[in-house]
Every structure is written in structure tokens, then in C-alpha cells.
Amino acid sequence: MNKPIPTLILIVDDDRTVRNGISDMLSQQGYVILQSETAEAAYALITRQMPDLIIMNVVLPGMDGYAFCQQLRQNPDTRLLPIILQVCQGDLADRMAGFKVGANDYITLPYPPEELLYRVKNLLSLTQKPVPPQVQSHTPGRITAIFAAKGGVGKTIICTNLAVALRQISGKRVALMDADYSFGLVGVHLNMSTTHNIMELIPIIDDLDQNAFQNVMVHHISGIHVLLCPFHPEEAELVTAPHIKKVLQLLVEQYDEVVVDCHGSYDERTLEVLEMANTILLIIVPEIGTLMSTSRFLDLVTKLKIPPERLKLVLNRSDSKVGLEVADIERALKYKISYKLVSGGREVTISANKGIPMVTSTPNHPLSLGIKQIAEDLLKP
Ligand SMILES: Nc1ncnc2c1ncn2[C@@H]1O[C@H](COP(=O)(O)OP(=O)(O)OP(=O)(O)O)[C@@H](O)[C@H]1O
Ligand SMILES: [Mg+2]
């Protein structure tokens, strides 16, 4: 049997203790480590032995990390080399500067070793050639659409966590589609530094086979595969309802569970998703504006001939104590609330900023447990 090719990681840092610490931790995980004290030495090393990933401090003697990153991006051989930059605590300007020169990810000093490991695995999984999942049965997958009649109520938080929870609980093939074509943030919430997205499918949509499709699905460290929204918002209008229908047909052929983060509009593309969905999780918050819009949407559901049993109402931030009780909301909407999710406080923002879903980072948080409960119910036969 052939031995697997080891993954080479280059650490560029002038502090020997830091280099050795990272090296020990990553070596224990089976990675082969190369080390350099300076950017210049690292460049000389790369010309002899190309690593699979670089972790480098922005502060280096001689050429700094930004300039080195820029240099690597200008060279066709190293243009796509995955780079994680180490920046100083809380320095947003450092992070922004890192992304501008083409770094894929950053980590803020000081950090727990497991965070670096998570980021390394995540970035490597994104840059590896995707292998088409084995199609084990011909039973089409299930579509769960996350929709809200008003923006900003928690669709993306719930969607990303739900997809990861479905995967964690069942080990099944799970796909997550960002159907907020202009300003989707699924990639940000999952810390996915890639430009692969749905736009690559549009020119070949009529001849799309599973292999071409798989080249665009981005693999997340959690095991879910993600179809991201257009990288440039101005391309969003090129995605049409027939495109979405075809994409969803392919997704259910290849995955057991398909979770869709819908845009909060009633355009044809969203309606296509809602009509094809087995379950629609309709997200609301205890706030009068959202409830008014939701009430109108529920009227529309009847006109669209969507069977009401497919619809499940999810009350997000149910513990907000803003003077609207569950019973009031149910009476006003003439609909039962199926799930209540609590406000997650700063943990929600921390997890979004880090790009690590709460069901992974804080699995026992009441919000994580609430989302896992929805996943468990969806998985029931
Ligand atoms: N249960 C919760 N507890 C605390 N904060 C929350 C909760 N749900 C959502 N949020 C916060 O509300 C904001 C909006 O969440 P999110 O982006 O998931 O909403 P959305 O419905 O996808 O918005 P959009 O319509 O813009 O796509 C975010 O700042 C998020 O952190
Ligand atoms: Mg969103």
C-alpha cells in the first residue's frame, strides 16, 4: 500500500520558543514541520521545498509578514499557497491589512493551541481537491429552508449551526447552500476563505454533472459541504429561479440533508426554494415589525399552496422579555411555535467573529442545545 503523502507546514517566526511550541503541537498531529526565522530564509526554503501551508508572524526582522505575503501572491507558483498570519491581540487594522495582501486566515496572539489546529485543518480542507461523495442510495435528500419575512432575525446563525449539528448527530452527507445571493455571510460564519461559489455553475448549468458540481462545493472542517453565494454582489442577478431548481435537484441527488439560508424576499428564486423544501423553518423574533411581516407571509403560504405542515415556526431570542409572550404571538399569527431559541449573548458574536459555529465551540450552551434539538427532530424518520 502507498504511504500517504505528509502535509508540510512552514512556520515563519523569529521567536524560537514560539516556533518550537507550534511545531511540537502540529507534529503530534502528523504534520511535517519546516521552520524559518525570517521571510528571506523562508523564501529560499520554499524555492527548494514547497509547503502545503504557511503560518507566519506579521512582525519579522527584515521583510515583514505583509510584504512577504504580497510577494508570495505575485509569484504564480505560490499564488494559491494557504497562509495563516499571526497578528497582535485585538488589532483589527493588522487583520484587515493581512487580508488585503492575500492572507487566507489570521490568528490573534495569544491563542489556545487548539484554535490554531482548527484553523490549520480548516484551511487545508478548503484547499484540498474535493472528492465527490459516494452516492450510497437513490433516495433523494431532504431540503430544509431557513426563511424569515424580515431581515436580521438570526437565519444565518441558525442555518450554519443547524447544518453542522445535522452532520455531528447523524454523520450523514450534509450540504449547506447560501441563497442570499447578494450579501450572503455563510462563508464568513464558517471562516471559509475561498472564492468558489455558485457563479461557477451558471455557465455550465445545462451540462452540469456531479464532478463539475463537486468542484464548487467547499468542504468545511465539520464535514459539511457548502455552496457559497456569488463573491461579487453585482453578479447576484445573474442567478435565476431555473438555475436554483437545477442546483437543488443536484444537491438532493448527492446529499442526505440540504440546508438553505434563504434571502428574506419573495423573489422567484426564494419561492423556488420554499416550494421544493420538505421543511421550512420560519424564523421570528418577539418584535412587532417581524410579526406583522410574518403574518403577511403566512397568508401568502396558502396562496402558494405550500402545505402548512411543512412550515415550522422558530421563535429566536424567545427569552428577550420585551412584553410579547409566546401565547400572544401564537394568537396573533394563528400558528403554533414549534421551537424556542434563547438569546445567546456575546457567545453568538464571538463564534461568528471566529468563524466557529456554536454547536462546535460551545456545544452545551442553551442556544446550541436548542438548535441540536431541531436537528434531531429533522432527522427523525
Ligand atoms: N439567538 C441569538 N442570540 C444572540 N444574538 C443573535 C441570536 N440570533 C441572531 N443573533 C444576532 O443577530 C444578528 C443577525 O443574525 P443573522 O445574521 O444570523 O441574521 P439573518 O436573519 O441571517 O440576517 P440577514 O437578513 O441580514 O441575512 C447577528 O448579529 C447575530 O449575532
Ligand atoms: Mg443572513
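Trainee: How do the residues of the shell around ligand 1 divide into nonpolar, polar and charged?

Mentor: Keep in mind that this model is predicted. The shell around ligand 1 holds 16 residues, and Gly152, Thr156, Ile157, Asn316 and Gly344 come nearest. Glycine counts as polar in this scheme. The split is five nonpolar, eight polar and three charged.

Trainee: Which helix gives the largest share of the shell around ligand 1?

Mentor: Look at residues 155-170. Three residues of the shell come from that stretch. The helix is H6.

Trainee: Which residue has a side-chain N or O atom 2.9 Å from a nitrogen atom of ligand 1?

Mentor: A polar contact needs N or O atoms within 3.5 Å. Valine 342 offers a polar backbone atom, 3.0 Å from a nitrogen atom of ligand 1. Valine 153 also uses a backbone N or O atom, 3.1 Å from an oxygen atom of the ligand. The side-chain atom at 2.9 Å belongs to asparagine 316.

Trainee: What percentage of the area that ligand 1 exposes when taken alone does the protein bury?

Mentor: Ligand 1 sits in the second largest pocket. Taken alone, ligand 1 exposes 630 Å². The protein buries 75% of that.

Trainee: Which are the edge strands of the open sheet?

Mentor: Eight strands line up as E8-E9-E7-E10-E6-E11-E12-E13, with mixed pairing. An edge strand pairs on one side only. That leaves E8 (218-219) and E13 (337-341).

Trainee: Which residue in E10 is the bridge partner of alanine 179?

Mentor: Strand E7 covers residues 174-179, and strand E10 covers residues 257-262. The two run parallel, joined by six bridges. The partner of alanine 179 is cysteine 262.

Methods. Residues numbered from 1 in each chain as written. Chains lettered and ligands numbered in written order. Predicted model: local features only at pLDDT ≥ 70, side-chain atom pairs only at ≥ 80, totals over all residues. Heavy atoms only, no water. Near = heavy atom within 4 Å. Polar contact = N/O pair within 3.5 Å; in protein donor to acceptor, adjacent residues only side chain to side chain. Areas by Shrake-Rupley, 256 points an atom, 1.4 Å probe, with all protein chains shown as cover. 1 Å grid on protein atoms, 1.4 Å probe; cavity = no way out; pocket = protein on both sides within 12 Å on 5 of 7 lines; lining within 4 Å. Sits in = over half its atoms within 2 Å of the grid points. Helix = DSSP H or I, 4+ residues; strand = E, 2+ residues; numbered from the N terminus. Pairing = 2+ DSSP bridges.
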